Amino acid sequence: MMARVPRSVKLMALGMAVIVLALLSLVIGKVWVPASGWFGDDPRWIIIPQLRAPRAVLGLLLGASLGLSGAVLQGFLRNPLADPAVLGVSATAALGAVAAILVGATGGAVVFGAAMVGAACAMALLAALSWRAEGVITFVLAGTVLASLSGALTVFLIAIAPNPYVVASVMDWLMGALTDRSWDDVARAAPAMLAGGAMLLFTAPALDALALGEDTARSLGVRPVRIRLLVIVGTGLVVGAGVAATGVVSFVGLVVPHLLRPLFGARPGALLLPSALGGAALVLAADSLVRLAPGAGEVRLGVAMAMLGAPFFLLLLWRGRGRAWG
């Protein structure tokens, strides 16, 4: 019955859900700020513009970026188990940030810059390794090797760090969170996320053509090398900026396209905008819920998403056993 609902109505419903969840994220927390406290002399009001509004905006951008990049990669690689981590950009961006923290960087701008340098190096290496490759196998293998190498180097840096307090700070950052983010963090991350998101949305027609096979896509005027470059740069920008601003938050790009495919169909290009909205809704909802965990502190957003995403991933593997994914 839901399939008969016009696409525009379903998109509008997703957009309204994002708006409602964004407003709820301004209210929910260890200190609740109801709508009645948004006006007058309620001292709780100051929490909204200084803490919760930038957190909500950054969560919206992060979720939209991860959901969109996941849908693009699943369509481009023609593999429903693909997500942004497959490129190794997030692991390399995390490596850059960890290196900056371990050498004593304390400013958010320095850590952000180091993470973006790591993401840029990953993009350059992926482009160089897969530039003349005809298929996607080299592309996937390059990303897998890059992710493994970056992860190993991150662990190595943590192991040789002389200061246990800095190591604790690194581990806290790696778990991913929107806690205590400011408008400065939004200003640093938003340009890269918006530019990368625009590049990924631009791939929609090519993804539809590639779903028919690379030979057919070429006959329709699609240039696979150009699309691969757009995917690398677009994903690198959105994922690199996300990791730089919030730490590592995984599984959003894997989960969201699967949840929305029954509602919007399997055509890759048609799934991009819904996945961006769905990713924003998922991250906003998860970030609101982690604030309600008992105790003085919050459950880290990255931990919460891993607890949600890992069982979902296993369910996909269980349902897909015995048949090819590619």
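This tour moves through a series of selections in the open structure, with a note on what is found at each. The model is a predicted one.

**Stop 1: the annotated spans**

Begin with the ranges taken from the record. UniProt, in an unreviewed entry, places the feature "transmembrane region" at residues 53-73, 85-103, 109-129, 136-161, 189-208, 229-256, 268-289 and 301-318. Two of these spans may be selected for inspection. Residues 85-103 are 74% helix and 0% strand, and the C-alpha atoms at the ends of this span are 26 Å apart. Residues 189-208 are 95% helix and 0% strand, with end C-alpha atoms 29 Å apart.

**Stop 2: α2 against α10**

Select residues 47-77, which form helix α2, together with residues 224-246, which form helix α10. The two helices pack at an angle of about 150°, and their axes are 10 Å apart. Because angles over 145 degrees count as roughly antiparallel, α2 is roughly antiparallel to α10. Their crossing is left-handed.

To display the contact, show side chains on both helices. On the α2 side are L58, L62, S65, L66, S69, V72, L73 and F76; on the α10 side they meet I227, R228, V231, T235, V238, V239, G242, A245 and T246. The residues of this contact comprise 11 nonpolar, 5 polar and 1 charged.

**Stop 3: α3 against α10**

Keep α10 selected and add helix α3, residues 89-102. The axes of α3 and α10 come within 9 Å and cross at roughly 40°. That angle makes α3 oblique to α10. The crossing of this pair is right-handed. From α3 the contact draws on V89, S90, A93 and A94, and from α10 on G236, V239, G240 and V243. By class, the residues of the contact are 5 nonpolar, 3 polar and no charged.

V239 deserves a label at this point: this α10 residue belongs to the contact with α2 and to the contact with α3.

**Stop 4: α3 against α5**

Retain α3 and replace α10 with helix α5, residues 137-160. The axes of α3 and α5 come within 8 Å, crossing at roughly 15°. Since angles under 35 degrees count as roughly parallel, α3 is roughly parallel to α5. α3 passes α5 in a left-handed crossing.

Here the α3 residues A91, T92, L95, V98, A99 and L102 meet L146, A147, S150, L153, T154, L157 and I158 of α5. This contact is made up of 10 nonpolar, 3 polar and no charged residues.

**Stop 5: L126 in α4**

Select L126, which lies in helix α4, residues 108-130. Is L126 buried or exposed? With a relative accessibility of 1%, L126 counts as buried. Which residues surround it, beyond its neighbours within four places in sequence? L126 is in contact with L87, V89, F139, A142, G143, L146 and I232. Among these, V89 takes part in the α3 contact with α10, and L146 takes part in the α5 contact with α3. A distance can also be drawn from L126 to G88: the two are 38 residues apart along the chain, with their C-alpha atoms separated by 9.0 Å.

**Stop 6: A192 in α7**

Move to A192, found in helix α7. A192 has a relative accessible area of 13% and is buried. Leaving aside neighbours within four places in sequence, A192 is in contact with M116, L237, V238 and A241. One of these, V238, is an α10 residue that also meets α2. A192 and V239 stand 47 residues apart in sequence and 9.2 Å apart from C-alpha to C-alpha.

**Stop 7: A285 in α12**

Next, select A285 in helix α12, residues 272-290. A285 has 25% relative accessibility and counts as partly exposed. Add V18 to the selection: A285 and V18 are 267 residues apart along the chain, and their C-alpha atoms are separated by 9.0 Å.

**Stop 8: two loop residues with positive phi**

Finish in the loops. D180 lies between α6 (164-174) and α7 (183-202). D180 is exposed, with a relative accessible area of 64%, and has a positive phi of about 60° although it is not a glycine.

F251 lies in the loop between α10 and α11 (252-264). The phi of F251 is near 75°, a positive value in a residue other than glycine.

Methods. Residues numbered from 1 in each chain as written. Predicted model: local features only at pLDDT ≥ 70, side-chain atom pairs only at ≥ 80, totals over all residues. Heavy atoms only, no water. Axes fitted to C-alpha atoms, helices over the stretch in contact; angles between N-to-C directions. Helix = DSSP H or I, 4+ residues; strand = E, 2+ residues; numbered from the N terminus. Parallel < 35°, antiparallel > 145°, perpendicular 65-115°, else oblique. Left-handed = near helix turned anticlockwise from the far one by under 90°. Contact = heavy atoms within 4.5 Å. Nonpolar A, V, L, I, M, F, W, Y, C, P; charged D, E, K, R; others polar. UniProt positions renumbered as here; feature names shortened; annotations may be inferred. Buried < 20%, exposed > 50% of the residue type's maximum accessible area, 1.4 Å probe, protein only.
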